[in-house]
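Load the model in your viewer and set it to cartoon. This tour goes stop by stop, with a selection to make at each one.

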Amino acid sequence: IGNNDQIWAEGGGTSHGVSIGVSSRGDCAPVIEGNQLIVGGLEDTSDNCRGVFCGQGNLSGLPSACEVVGNVEIRGSSFGFPFSSIGVLCEAGSCASVRDNQLITGRGGANTVGIHLLGAGQTLVDSNRVEGGCTASSAVGLLAEDSSARVQNNAIGGGSCQAGTTSNSGFYVGVQIMLGADVNELDLHSNALSGGGTPQSS
């Protein structure tokens, strides 16, 4: 999936659910490369927006070894504040690599995440700029839950909001690590990390 100007998952109406720009499940290894813009959904079309999702097959349970490489921008949402907005979500050992992307961001939502690594796997996250986005609740640049990924040479920030966009009371974190019941540990090395946050107006 490469060299597209724009990939959008917008839709119409006000249905609730999940809206995903690019989705890959199961025993496949797509290369998502060189796209100018990949975007999840809108506030009024989905509660949960994802720019790129790579996960287990519904029947096989096997992960998708997708590669997310060299894209200009990946956004979880494009407008408004859905409940959840994630730039790239790697589920249960999915995602072989996420590297050399100019910007991965949740953009805007009640809860935003740039990259979410969920479960064990040997994912390589290398040389990306990652931001949680704009929020009045919680924004995380990289969220690792029970993950054994290698994360190196990235610029990772919690994000921020433009003046007047939303409340300044949001909780911003550059990298959040959550341990699980297994022995997986994140390998975090040689990154530039920032909590970010929106300055208070004077």
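**First selection: a bridge partner**

Select Asn-48 and Ser-84: Ser-84, in S8, is the bridge partner of Asn-48. Before going further, note that this is a predicted model, where local features need pLDDT of at least 70, side-chain atom pairs count only at pLDDT 80 or more, and totals for chains, interfaces and linings use all residues. Numbering runs from 1 along each chain as its sequence is written, and side-chain values use heavy atoms, with hydrogens and water left out.

**Strand S5 and its partners**

Now select residues 48-55, strand S5. Is S5 largely enclosed or not, and why? Of its 8 residues, 8 are buried, so the rest of the structure largely encloses S5. Buried means under 20% relative accessible area, exposed over 50%, and partly exposed in between (1.4 Å probe, protein chains only). Strands (E, at least two residues) and helices (H or I, at least four) are DSSP runs, numbered from the N terminus.

Add strand S8, residues 84-91: S5 pairs with S8 in the parallel sense over 6 bridges. Two strands pair if DSSP finds at least two bridges between them. Then add strand S2, residues 18-25, which pairs with S5 in the parallel sense over 7 bridges. Here Ser-23 stands opposite Phe-53 in S5.

**Zoom out**

Show the whole protein. There are 19 strands and 0 helices. Buried residues make up 50% of the 202 residues.

**The open sheet**

Colour the strands S1-S4-S7-S10-S13-S16-S19, in that order: they form an open sheet of 7 strands with parallel pairing. Strand S1 (7-8) and strand S19 (192-194) stand at the edges with a single partner strand each, so each has one side without a neighbour in the sheet. At the S1 edge, S1 and strand S4 (residues 38-42) pair over 2 bridges in the parallel sense. Ile-7 stands opposite Ile-38 in S4.

**Salt bridges**

Switch to sticks. The whole structure holds 4 salt bridges, each a side-chain nitrogen of Lys or Arg within 4 Å of a carboxyl oxygen of Asp or Glu.

- Select Glu-67 and Arg-99, a salt bridge at 3.1 Å, N to O. Glu-67 lies in strand S6 and Arg-99 in strand S9, 32 residues apart. Glu-67 is partly exposed at 26%, and Arg-99 is partly exposed at 27%.
- Select Asp-187 and Arg-150, with their closest N and O atoms 2.8 Å apart. This pair links strand S18 to strand S15, 37 residues apart.
- Finish on Glu-131 and Arg-129, a salt bridge at 2.8 Å, N to O. Arg-129 is partly exposed at 40% relative accessible area.
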